[in-house]
Amino acid sequence: MLREAVGLMDLLRLGLVAVLLSFGMLYSVRAGKLTTAAAVTGGALGLLIYLGSGFGGLALLTLFFGLGTAASSWRVADKRRLGLAEENKGRRTAGQVVANAGVAGLLGLLAWQYAPAAPLAGLMLAGSFAAATADTLSSELGNVYGRRYYNILTLRPDARGLNGVVSLEGTLLGLAGTAVLAAAYGLGFGWGPACGWLLVAGTAGNLLDSVLGATLERRGWLGNNAVNFLNTLTGALVAGGLGWWLG
């Protein structure tokens with residue numbers, strides 16, 4: 001009887017998640033935030049994240065999407081005037097969704113299929129979102145609030161909006177976004193040193209993103225989606241490495 005009750009509760013939770021994801025997909029398409037293919041891709045990744053890390057992981061995905069969408073929409077008229085607004089009117093494609101949440105989806109799949117790896121996979125999942133958030137906020141808000149812009153490699157002044165160009169203000173705003181993700185992780189999975197590790201992971205991924213942008217992306221050897229995927233992978237690996245080494 002107890003086993004049947006537990007099974008029923010699991011089905012009810014899964015049904016609730018399906019409803020929430022469906023609502024999010026519909027809203028994202030209707031609001032012009034995602035293409036239809038991107039919404040379906042995001043829903044599938046969201047399901048994997050839930051299966052591996054529960055509502056806590058799903059909350060991290062939602063928080064990243066909310067912060068990223070808000071940052072992209074912030075003062076969008078100014079960005080368009082400067083030629084810095086995202087293409088396709090800010091509507092994200094399936095490739096962009098995979099670039100930002102694909103690593104988290106794979107980690108959710110790992111945690112779901114191999115329970116002993118779930119705690120570390122959950123930390124790595126949070127690290128991937130910390131890096132994605134840092135990158136999105138530092139670029140989207142840094143282009144608005146930055147005062148001086150520098151090439152990440154030479155530290156010499158460079159043009160705002162170019163790949164590999166950073167600002168102090170943008171970097172700090174990216175760190176703030178990482179701190180929000182770390183706080184959410186603490187609320188969902190428990191406070192501890194891991195919250196600090198996420199700050200390191202998010203910053204490491206963001207810096208690598210800028211370095212790749214200044215080198216391989218500027219030369220046309222990597223596209224933006226590939227760079228973003230490597231950014232989130234770096235965040236995940238740094239968080240997981242610190243968790244394994246110091247935990």
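## The salt bridge at aspartate 158

Aspartate 158 sits at 24% relative accessibility, so it counts as partly exposed. In this predicted model, its side chain meets that of arginine 218 in a salt bridge, with 2.9 Å from N to O. Arginine 218 is in the loop between helix H8 (193-217) and H9, while aspartate 158 is in the loop between strand E1 (150-151) and strand E2 (165-166), so the pair ties together parts that are 60 residues apart in sequence.

How exposed is arginine 218? With a relative accessibility of 36%, arginine 218 is partly exposed too. If you go looking for further pairs of this kind, the count comes to one salt bridge. As background, side chains of opposite charge can pair when their charged atoms come close.

## A buried aspartate with no partner

Now for an acidic residue in another setting. Aspartate 135 belongs to helix H5. This residue is buried but has no salt bridge. Which side chain of opposite charge is nearest to aspartate 135? That would be arginine 92, at 8.1 Å. A salt bridge needs the side-chain nitrogen within 4 Å of a carboxyl oxygen, so a gap of 8.1 Å doesn't qualify.

So what does aspartate 135 touch, leaving aside neighbours within four places in sequence? Its contacts are Asn206, Asp209, Asn228 and Asn231.

## Two bent helices

Take a look at H2 (36-73). A straight helix of 38 residues would span 56 Å at 1.5 Å a residue, but the end C-alpha atoms of H2 span only 19 Å. Where does H2 bend? The bend is at serine 53, by about 135°.

H4 (residues 94-113) also falls short of its straight-helix span: its end C-alpha atoms are only 25 Å apart, where 20 residues in a straight helix would reach 28 Å. Here the bend is about 60°, at alanine 101. Alanine 101 is itself one of the buried residues of H4, which also include Gln96, Asn100, Gly102, Gly105 and Gly108. What do the buried residues of H4 pack against? Their packing partners are helix H2, helix H5 (118-140) and helix H9 (224-246).

## The nonpolar core

The largest nonpolar core has 36 residues. Those touching the most other members are Leu60, Leu107, Leu123, Leu125, Phe129, Tyr185 and Leu198. At least two residues of this core come from each of helix H1 (2-30), H2, H4, H5, helix H7 (168-189), H8 and H9. Which helix supplies the largest share? It is H2, with nine residues.

Leucine 123 makes a handy place to zoom in. Not counting residues up to four places away in sequence, leucine 123 touches Tyr185, Ala194, Trp197, Leu198, Ala239 and Gly243. Two of these names, Tyr185 and Leu198, are also on the list of core residues that touch the most other members. More broadly, nonpolar side chains tend to be buried together in soluble globular proteins.

## Two residues on helix H1

Arginine 13 is found in helix H1 and, at a relative accessible area of 35%, is partly exposed. Glycine 54 is 41 residues away from arginine 13 along the chain, yet their C-alpha atoms are separated by 9.6 Å. Beyond its neighbours within four places in sequence, arginine 13 is in contact with Tyr50 and Phe55.

Serine 28 lies in helix H1 as well. Is serine 28 buried or exposed? Its relative accessible area is 4%, so serine 28 is buried. With neighbours within four places in sequence set aside, serine 28 contacts Lys33, Leu34 and Phe65. Tryptophan 221 is another story: serine 28 and tryptophan 221 are 193 residues apart in sequence and 31 Å apart in space, C-alpha to C-alpha.

## Positive phi in two loops

Most residues other than glycine have a negative phi. Arginine 75 is not a glycine, yet its phi is positive, about 50°. This arginine follows H2, in the loop between H2 and helix H3 (76-82). With 39% relative accessibility, arginine 75 is partly exposed.

Leucine 155 also has a positive phi, about 60°, although it is not a glycine. You'll find leucine 155 in the loop between E1 and E2, the loop that holds aspartate 158. What is the relative accessible area of leucine 155? At 61%, leucine 155 is exposed.

Note on methods:
Residues are numbered from 1 along each chain as its sequence is written. This is a predicted model: local features need pLDDT of at least 70, side-chain atom pairs count only at pLDDT 80 or more; totals for chains, interfaces and linings use all residues. Side-chain values use heavy atoms; hydrogens and water are left out. Helices (H or I, at least four residues) and strands (E, at least two) are DSSP runs, numbered from the N terminus. The expected span of a helix is 1.5 Å times one less than its number of residues. The bend at a residue is the angle between axes fitted to the seven residues ending there and the seven starting there. Buried means under 20% relative accessible area, exposed over 50%, partly exposed in between (1.4 Å probe, protein chains only). Contact means heavy atoms within 4.5 Å. Lys and Arg count as positive and Asp and Glu as negative; His and the chain ends are not counted. A nonpolar core is a set of buried Ala, Val, Leu, Ile, Met, Phe, Trp, Tyr and Cys residues joined through side-chain atoms within 4.5 Å.
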